[in-house]
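Please open the model in your viewer and have the selection tool ready. We will walk through it stop by stop.

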Amino acid sequence: KQSLVPCVLLPFFMMFPILRELAIVNFMSAVKSAKAEGKGIGIGDLLKFDRIVDTFVGVLLCEICIGIGSVLLFVPGLVVMGVLAFVPCVLADKHEVSFMKAFKGVLSYGKENVLQQFVLVSVIFGFNTAGYMLLGLGLFITLPITMAITYLAYENCKEAVASHLDEQETS
């Protein structure tokens, strides 16, 4: 199938620093289009270079924060990951939002919904760990699925996240 090839290539993109951040946001953007328009996901959808600075810096900032939380202990890393899980989703959904506004808005939302976000990333982390245990080959299946799950979870809370983004605009 046409949509299967980008899903298989997604884990390869994760190995390259700039492509990783772009692939994460572009894959979520493609999931949004697939859900709204019913179209498949193509390889070109993963390699769109529009908004490269916002995409790269926004996701990299999240990765640095998650890394610092993970160095402290395993659980703080998951908490930080949960609090910031929707930053790539906001960057994929709202092209007019800058990376800093997305980061601050999602951080504000995540602080109010820590337990809900922690459960989400714990399930995703467990699912990806199971994929990794199969000699890493399971990530070719679990990584695209968990990114789509993250975006669809964002879609369920989109209004609440948007209200926090609007608060960032007024302050």
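A residue is called buried here when its relative accessible area is under 20%, exposed when the value is over 50%, and partly exposed in between. Keep in mind on the way that this is a predicted model.

**Stop 1: T142**

Select T142, which you will find in helix 9, residues 139-156. Is T142 buried or exposed? Its relative accessible area is 6%, so T142 is buried. Now show what surrounds it: with neighbours within four places in sequence set aside, T142 is in contact with F127, N128 and G131.

**Stop 2: the nonpolar core**

Next, colour F27, F86, V90 and V161. These are the residues with the most contacts inside the largest nonpolar core, a set of 40 residues. Helix 2 gives the most to this core, contributing seven residues. As background, nonpolar side chains in soluble globular proteins tend to be buried together. To look at one member in detail, centre on V161: not counting residues up to four places away in sequence, V161 touches F86, V90, V106, Y109 and Y154.

**Stop 3: N26 and R20 in helix 2**

Stay with helix 2, which spans residues 17-37, and select N26. With a relative accessible area of 7%, N26 is buried because that value is under the 20% limit. What does N26 contact, leaving aside its neighbours within four places in sequence? The partners are D45, L46, L47 and K48. Draw a distance from the side chain of N26 to L46: a polar atom of that side chain lies 3.1 Å from the backbone oxygen of L46.

Then move along helix 2 to R20. At 22% relative accessibility, R20 counts as partly exposed. The side chains of R20 and E21 make a polar contact at 3.5 Å. Try a second distance, between C-alpha atoms: R20 and F56 are separated by 8.6 Å, while they are 36 residues apart along the chain.

**Stop 4: a surface patch and the loop after helix 3**

Switch to a surface view and select I18, I43, L47, F49, I52 and V53. Together they form a nonpolar patch on the surface, with about 500 Å² of accessible area. Within this group, pick F49, which sits in the loop between helix 3 (43-46) and helix 4 (52-72). F49 has 49% relative accessibility and so counts as partly exposed.

R51 is also found in the loop between helix 3 and helix 4. Check its backbone: phi of R51 is near 60°, a positive value in a residue other than glycine. For context, most residues other than glycine have a negative phi. R51 also forms a salt bridge with D54, where the closest N and O atoms are 3.8 Å apart.

**Stop 5: helix 5**

Select helix 5, residues 74-83, and highlight its buried residues G77, L78, G82 and V83. What do the buried residues of helix 5 pack against? Their neighbours are helix 4, helix 7 (99-112) and helix 8 (114-133).

Now add M81, also in helix 5. M81 has 25% relative accessibility and so counts as partly exposed. Setting aside residues up to four places away in sequence, M81 touches I66 and V121. A C-alpha distance is useful here too: M81 and L115 are 34 residues apart along the chain and separated by 12 Å.

**Stop 6: the salt bridges**

How many salt bridges does a search of the whole structure find? There are ten. Side chains of opposite charge can pair when their charged atoms come close. Begin with E155 and K35, which form a salt bridge with the closest N and O atoms 3.1 Å apart. This pair links distant parts of the chain, since E155 is in helix 9, K35 is in helix 2, and their positions lie 120 residues apart in sequence. K35 counts as exposed, at 51% relative accessibility.

Then select D93 and K94, whose salt bridge has its closest N and O atoms 4.0 Å apart. D93 is buried, with a relative accessible area of 9%, and K94 counts as buried at 19%.

To finish, show K32, K35, D93, K94, E155 and K158 at once: they are linked in a network of salt bridges.

Conventions:
Residues are numbered from 1 along each chain as its sequence is written. This is a predicted model: local features need pLDDT of at least 70, side-chain atom pairs count only at pLDDT 80 or more; totals for chains, interfaces and linings use all residues. Side-chain values use heavy atoms; hydrogens and water are left out. Helices (H or I, at least four residues) and strands (E, at least two) are DSSP runs, numbered from the N terminus. Buried means under 20% relative accessible area, exposed over 50%, partly exposed in between (1.4 Å probe, protein chains only). A polar contact is a pair of N or O atoms within 3.5 Å; within protein, one must be able to donate a hydrogen and the other to accept it, and residues adjacent in sequence count only if both atoms are side-chain atoms. Contact means heavy atoms within 4.5 Å. Patches are made of residues with over 30% relative accessible area and no salt bridge: like charges are joined within 9 Å, nonpolar side chains (Val, Leu, Ile, Met, Phe, Trp, Tyr) within 5 Å. Accessible areas come from the Shrake-Rupley method with a 1.4 Å probe; for residues, only the protein chains shown count as cover. A salt bridge is a side-chain nitrogen of Lys or Arg within 4 Å of a carboxyl oxygen of Asp or Glu. A nonpolar core is a set of buried Ala, Val, Leu, Ile, Met, Phe, Trp, Tyr and Cys residues joined through side-chain atoms within 4.5 Å.
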